[in-house]
Amino acid sequence: MTIRLAVPYIQKDSIVDGEGIRSVIWTQGCPHHCPGCHNPETHSFTDGYEVEIENLFEELDKLESQNGITFSGGDPMMQPEACTLLARYGRKRGLDIWCYTGFKYEELIEMSKYKPAILDFLKEIDVLIDGKFMLEQKSFDVIFRGSKNQRIIDIPKSLETKKTILISKYDNIEKNNKGRKNHYMYV
Ligand code: SF4
């Protein structure tokens, strides 16, 4: 299986794409076209690089001193099958899984009724940051997010309770320069 990526390798040592030191997988392709998106080059579903999953498994095998994997993009939910395999592989190596998406969690649950691979991927995710980047709600004060409408969601608890369970511990954390992330910015 292949996955289309904006960056053809796993970017190590990020400290702005979730808690801890993280390895980021930048997927290519996004249907949301949010005004103010910092990575419009990731929107196309034909640009970027088609990468063999096996090659990324080998990169995951070589990772050291990383707390987890973050899927970003683009929108990783547009390639749920490949992302599921990568997330599962990472979890077996003790890495936790964060994912950014422009869809809302409730939309993903609805979509999974006709595309079950989305639910498969959700089951491998610990933390989901959901919702489009909204320029009018852009903020440098909300950690790990670019705009205030975006939510940080505990996916295992949400799936278990069939409710959307937010992770409130991030609400009162002031961003410092290291924690500053403008949604999906990787350059
Ligand atoms: S901000 Fe994120 S969800 Fe919105 S268009 Fe850009 S990559 Fe897609």
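**Entry 1: a lysine to start from**

I opened the model at Lys 162 and found this residue exposed, because just 7 other C-beta atoms lie within 10 Å. For burial I use C-beta atoms placed from the backbone: 20 or more others within 10 Å of a residue's own make it buried, 12 or fewer make it exposed, and anything in between is partly exposed. Lys 162 lies in the segment after α5. Its phi is near 60°, a positive value in a residue other than glycine. I noted that one down, since most residues other than glycine have a negative phi, and most peptide bonds are trans.

A word on what I am looking at. This is a predicted model, in which local features need pLDDT of at least 70 and side-chain atom pairs count only at pLDDT 80 or more, while totals for chains, interfaces and linings use all residues. Residues are numbered from 1 along each chain as its sequence is written.

**Entry 2: other backbone oddities**

Asp 13 also has a positive phi, near 65°, and is not a glycine. This residue lies in strand β2. Asp 13 counts as exposed because it has 11 C-beta neighbours inside 10 Å.

Then I looked up the peptide bond from Gly 73 to Gly 74, and this bond is cis, with omega near 15°. Gly 74 sits in the loop between β5 (68–72) and α2 (80–92).

**Entry 3: the whole chain**

I stepped back and counted five helices and eight strands. My helices (H or I, at least four residues) and strands (E, at least two) are DSSP runs, numbered from the N terminus. Along the sequence they follow the pattern β-β-β-β-α-β-α-β-α-α-β-β-α. The radius of gyration is 15 Å, close to the 16 Å that the globule rule gives for 187 residues, so the chain is as compact as a globular protein of that length. That radius is taken over C-alpha atoms, and the rule is 2.2 Å times the number of residues to the power 0.38.

Along the principal axes, the C-alpha atoms fill a box of roughly 40 × 35 × 35 Å. Of the 187 residues, 41% count as buried. I also checked contacts, meaning pairs whose C-beta atoms, placed from the backbone, lie within 7 Å. Among those between residues at least 6 apart in sequence, 72% join residues at least 24 apart.

**Entry 4: the sheet**

In what order do the six strands of the open sheet stand? I read β2-β3-β5-β6-β7-β8, with mixed pairing. Two strands pair here if DSSP finds at least two bridges between them. β2 (11–14) and β8 (151–154) are the edge strands with a single partner each, so one side of each has no neighbour in the sheet. Neighbouring strands are turned by 25° against each other on average, direction ignored. The axes behind that angle are lines fitted to C-alpha atoms, for helices over the stretch in contact, and angles run from 0 to 180 degrees between N-to-C directions.

At one edge, β2 runs antiparallel to β3 (residues 22–26), joined by two bridges. Ser 14 stands opposite Arg 22 there.

Further along, β6 (residues 96–100) and β7 are parallel, with three bridges. Trp 98 faces Val 127 of β7 across that pairing. β7 and β8 are antiparallel over four bridges, and Asp 130 stands opposite Arg 151 in β8.

I looked at both faces of β7 (residues 127–130) too: Val 127 and Ile 129 on one side, and Leu 128 and Asp 130 on the other, are all buried.

**Entry 5: Tyr 105 and Asp 171**

Tyr 105 belongs to helix α3 (residues 105–111). Is Tyr 105 buried or exposed? Tyr 105 counts as buried because it has 21 C-beta neighbours inside 10 Å. Outside its neighbours within four places in sequence, its contacts are Leu 128, Asp 130, Ile 153, Ser 158 and Thr 164. Gly 131 is 26 residues from Tyr 105 in sequence, and 7.9 Å away, C-alpha to C-alpha.

Asp 171 is in the segment after α5 (155–161). With 10 other C-beta atoms within 10 Å, Asp 171 is exposed. Asp 171 and Lys 113 are 31 Å apart, C-alpha to C-alpha, and 58 residues apart in sequence.

**Entry 6: the ligand**

Last, I went to the ligand, which 15 residues surround. A residue is near it if its C-beta atom, placed from the backbone, lies within 6 Å. The closest are Cys 30, Cys 34, Cys 37, Gly 102 and Phe 133. The shell divides into five nonpolar, eight polar and two charged residues. In this grouping Ala, Val, Leu, Ile, Met, Phe, Trp, Tyr, Cys and Pro are nonpolar, Asp, Glu, Lys and Arg are charged, and the others, Gly among them, are polar.

Notes:
Contact = placed C-beta atoms within 7 Å.
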